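Read the model below with the helices in view first. The paragraphs after it go from helix packing to single residues.

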Amino acid sequence: MELNTFDSGNGITGVGLSGSLDIVGVAEVEMEFIQIAALGKSMIVDLSEVSFLASLGMRMLLSAAKKLHADGRKMVLVAPQSAVRAALEIVGFQMLLPVVQTLDEATELISE
Amino acid sequence: MEKFSFTICNNLGSLSEISAIVRSVLGKNMVSAEAIYAVMLAIEEMATNIIKYGYDDDAIHEIDIELCINSDAIVLTMIDDGHEFDPLSVEVSDISSSLDVRAIGGMGILLTRSMSDSMQYCRKNNKNFLQIKVDPRK
């Protein structure tokens, strides 16, 4: 599991996750992900390279999203693969935070 | 029909080793990507629950995982000697609440139930038997 950050301008942190967000994958990136969420900036999370997402991975995303929301910030998920998108929909993620297809859409949503 | 049996110990390292093997077995058996996802998810979620909450002692316990791959059904059976736990008895968390109040737990069981075609549980000889079916063509 890999985590890379990228600059999205406007005080937004971009995070690209890559690999399998299962119990092992989450253990590898969770600490860094939480630290990024604690920066107090809105986050764009690129899921396009995530091939598998289990509930522990969802907990990691959700905990960070809750923290950002409490600070008046946003988290936007970008480009999940179809199986990952289906899993997110089962647990109702789309009702909790925006899930969009492109980084541009995500930046626009946060800048609104 | 192809049948595979694995035994893992109650630690997460053991689970991840078997997950990699199961993924490769399913990939060689003409199973759809969606069905592979569903089986991998069921193993991860259910085994994690057993490992985390199934035991009070520090002893090593074995969890048996059987996989029968038929043309019309993948049957996953997990057997453990942990506390009695029926994942079908758990009330699924409310997913309609807002981000502020939404609980972060309970998603694993919801995901497993939704992605599998059927789940059956029984307690026999002080062991939990959980059987999950997934359509390999879906």
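**Helix packing, the interface and selected residues**

The buried residues of H3(B) pack against two helices of chain A, H2 and H3 (82-90), and against helix H2 (33-53) of their own chain B. The model is a predicted one. H3 of chain B spans residues 107-115, and its buried positions are B:Met107, B:Gly108, B:Ile109, B:Leu111, B:Thr112 and B:Met115.

On the other side of that packing, H3(A) has buried residues of its own: A:Val84, A:Ala87 and A:Leu88. Viewed down the axis of H3(A), these buried residues fall within an arc of 100°, so they line one face of the helix. A general point about helices applies here: an α-helix has 3.6 residues a turn, so residues three or four places apart point the same way. The cover over the buried residues of H3(A) includes strand S3 (42-53) and strand S5 (99-100) of chain A, along with H3 of chain B. Just after H3(A) comes A:Gly92, with a positive phi of about 80°.

How many residues of chain A are in contact with chain B? The contact involves 21 residues of chain A and 22 residues of chain B. On the chain A side, H1, H2 and H3 each supply at least two residues. H2(A) gives the most, with 8 residues. Sorted by class, the side of chain A that touches chain B has 14 nonpolar, 4 polar and 3 charged residues.

H2(A) also packs within its own chain. The axes of helix H1 (residues 23-37) and helix H2 (residues 55-70) of chain A come within 9 Å and cross at roughly 10°. Angles under 35 degrees count as roughly parallel, so H1(A) is roughly parallel to H2(A). From H1(A), the residues that meet H2(A) are A:Ile23, A:Gly25, A:Val26, A:Glu30, A:Phe33, A:Ile34 and A:Ala37. Their partners in H2(A) are A:Leu56, A:Gly57, A:Met60, A:Ala64, A:Lys67 and A:Leu68. By class, this contact has 9 nonpolar, 2 polar and 2 charged residues.

One of the residues in that contact is A:Gly57, in helix H2 of chain A. Is A:Gly57 buried or exposed? A:Gly57 counts as buried because it has 26 C-beta neighbours inside 10 Å, and the threshold for burial is 20 or more. Apart from residues up to four places away in sequence, A:Gly57 touches A:Leu21, A:Gly25 and A:Val26. The C-alpha atoms of A:Gly57 and A:Met75 are separated by 15 Å, with their positions 18 residues apart along the chain.

A:Met75 appears again among the contacts of A:Val45. Leaving aside neighbours within four places in sequence, A:Val45 is in contact with A:Val15, A:Leu17, A:Leu61, A:Met75, A:Leu77 and A:Val78. The largest nonpolar core has 67 residues, and A:Val45, B:Val39 and B:Ala47 touch the most other members. H2(B) provides the largest share of this core, 13 residues.

Loop positions come next. A:Ser8 is in the loop between strand S1 (2-7) and strand S2 (12-21) of chain A. A:Ser8 counts as buried because it has 22 C-beta neighbours inside 10 Å. Beyond its neighbours within four places in sequence, A:Ser8 is in contact with A:Thr13, A:Gly14, A:Ile44 and A:Thr107. A:Ser8 and A:Ser42 are 34 residues apart along the chain, and their C-alpha atoms are separated by 10.0 Å.

In chain B, two loop residues have an uncommon backbone angle in common. Most residues other than glycine have a negative phi. B:Met30, which is not a glycine, has a positive phi of about 55°. B:Met30 sits in the loop between helix H1 (12-27) and H2 of chain B, and it is exposed, with 11 other C-beta atoms within 10 Å. B:Asn126, also not a glycine, has a positive phi of about 60°. B:Asn126 is in the loop between strand S4 (118-124) and strand S5 (127-134) of chain B, and it counts as exposed with 8 C-beta neighbours inside 10 Å.

The last residue is B:Ile18, in helix H1 of chain B. B:Ile18 counts as partly exposed, with 17 C-beta neighbours inside 10 Å. Not counting residues up to four places away in sequence, B:Ile18 touches B:Phe6, B:Ile8 and B:Ile65.

Definitions and conventions: Residues are numbered from 1 along each chain as its sequence is written. Chains are lettered from A and ligands numbered from 1 in the order in which they are written. This is a predicted model: local features need pLDDT of at least 70, side-chain atom pairs count only at pLDDT 80 or more; totals for chains, interfaces and linings use all residues. Axes are lines fitted to C-alpha atoms, for helices over the stretch in contact, and angles run from 0 to 180 degrees between N-to-C directions. Helices (H or I, at least four residues) and strands (E, at least two) are DSSP runs, numbered from the N terminus. Angles under 35 degrees count as roughly parallel, over 145 as roughly antiparallel, 65 to 115 as roughly perpendicular and the rest as oblique. Two residues are in contact if their C-beta atoms, placed from the backbone, lie within 7 Å. Ala, Val, Leu, Ile, Met, Phe, Trp, Tyr, Cys and Pro count as nonpolar, Asp, Glu, Lys and Arg as charged, and the others, Gly among them, as polar. A residue is buried if 20 or more other C-beta atoms lie within 10 Å of its own, exposed if 12 or fewer, and partly exposed in between; C-beta atoms are placed from the backbone. The arc is that of the directions from the helix axis to the C-beta atoms. A nonpolar core is a set of buried Ala, Val, Leu, Ile, Met, Phe, Trp, Tyr and Cys residues joined through C-beta atoms within 7 Å.
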